[in-house]
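Me: Please take a close look at one part of this model. I would like the last helix and what it packs against, then the aromatic rings around the same region.

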Amino acid sequence: MTKNIISQHYQINVQSRRKQNQHNSFLIWFTGLSGSGKSTIANALEYRLHKAGIKTYILDGDNVRHGLNKDLTFSPQDRTENIRRIAEVASLMVDAGLVVLAAFVSPYKKDRDNIRSIVKDVNFVEVYVNTSIEECEKRDVKGLYKKARKGLIENMTGISAPYEAPTTPDIEVKTEEESLDTIVNRILEYINPKLQTNEN
């Protein structure tokens, strides 16, 4: 079957889109436990980028599971497939010239390495939102930890399923020690050079 699939090439490519947008495109991947603050940080960062005229889009774990990945469970195999699909979608969005912000628990190192491979290393920024399980449980914004402790949720990362923390993330932020503004400013400082194109 795959031998009959041929890639199509068009006149407008990613370089053309980046030149028109006047900024580079890449993926910012937020990983961390549920309740660590990934979506909150991504939302605040996108707001700042949008105000600066940067074309962006957020991919969020819960939102994607309502549509594209609603057929997947939270088994290790389905978690891997969930992340694979998101990586492929993010790669298309990067090709479209967008700065993509993706907020996913993404607990397995091999899956995060695969994301980097799909979008290409130069287009990938890994942000580890390092928040302790104790703090995440205290926040429990979705009530998931309470349900997991009662045995109502299987494969809950940090409780009944593992989380493999990044050892060399591009950026590590600690929401228990840093304010949201400080975190966003640190990420902006890191990605600002990546936003610049040769034409800028």
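Reply: The buried residues of α8 pack against β1, α2, β3, β4 and β5. This is a predicted model.

Start with the helix itself. α8 runs over 180–195. It has 16 residues and reaches 21 Å from first C-alpha to last, close to the 22 Å expected at 1.5 Å a residue. The helix is bent, though: α8 turns by about 30 degrees at Glu189. A proline, Pro193, follows within four residues.

Now its buried residues. They are Ile183, Val184, Ile187, Leu188, Ile191 and Leu195. The spacing fits a general rule: an α-helix has 3.6 residues a turn, so residues three or four places apart point the same way.

Take Ile187. Leaving aside neighbours within four places in sequence, Ile187 is in contact with Phe30, Ile41, Leu45, Val127 and Ile171.

Step back to the core. The largest nonpolar core holds 23 residues. Ile187 is among those that touch the most other members, along with Ile28, Phe30, Leu45, Leu49 and Val127. At least two residues of this core come from each of β1 (26–31), α2 (38–51), β3 (99–103), β4 (124–129), β5 (171–173) and α8. α8 gives the most, with 6 residues. Apart from this core lies another, of 18 residues. Its members include Leu59, Val64, Ala87 and Leu98.

Next, one contact of a charge with a ring. The charged end of Lys194 sits over the ring of Phe26, 5.5 Å from the ring centre.

Then the ring pairs. There are 2 aromatic pairs. Trp29 and Phe104 are stacked, 5.2 Å centre to centre, with 20 degrees between the planes. Trp29 lies in strand β1 and Phe104 in the loop between β3 and α5 (109–119), so the pair ties together parts 75 residues apart in sequence. Trp29 counts as buried because its relative accessibility is 0%. Phe104 is buried too, with a relative accessible area of 3%.

The other pair is Tyr128 with Tyr163, also stacked. Here the centres are 6.2 Å apart and the planes differ by 25 degrees. This pair links distant parts of the chain. Tyr128 is in strand β4, while Tyr163 is in the loop between α7 (144–149) and β5, 35 residues apart. Both Tyr128 and Tyr163 are buried.

Technical notes:
Residues are numbered from 1 along each chain as its sequence is written. This is a predicted model: local features need pLDDT of at least 70, side-chain atom pairs count only at pLDDT 80 or more; totals for chains, interfaces and linings use all residues. Side-chain values use heavy atoms; hydrogens and water are left out. A nonpolar core is a set of buried Ala, Val, Leu, Ile, Met, Phe, Trp, Tyr and Cys residues joined through side-chain atoms within 4.5 Å. Buried means under 20% relative accessible area, exposed over 50%, partly exposed in between (1.4 Å probe, protein chains only). Contact means heavy atoms within 4.5 Å. The expected span of a helix is 1.5 Å times one less than its number of residues. The bend at a residue is the angle between axes fitted to the seven residues ending there and the seven starting there. Rings of Phe, Tyr and Trp (its six-membered ring) pair if their centres lie within 6.5 Å; planes under 30 degrees apart count as stacked, over 60 as edge-to-face and the rest as tilted. A charge sits over a ring if NZ of Lys or CZ of Arg is within 6 Å of the ring centre and within 35 degrees of the ring normal.
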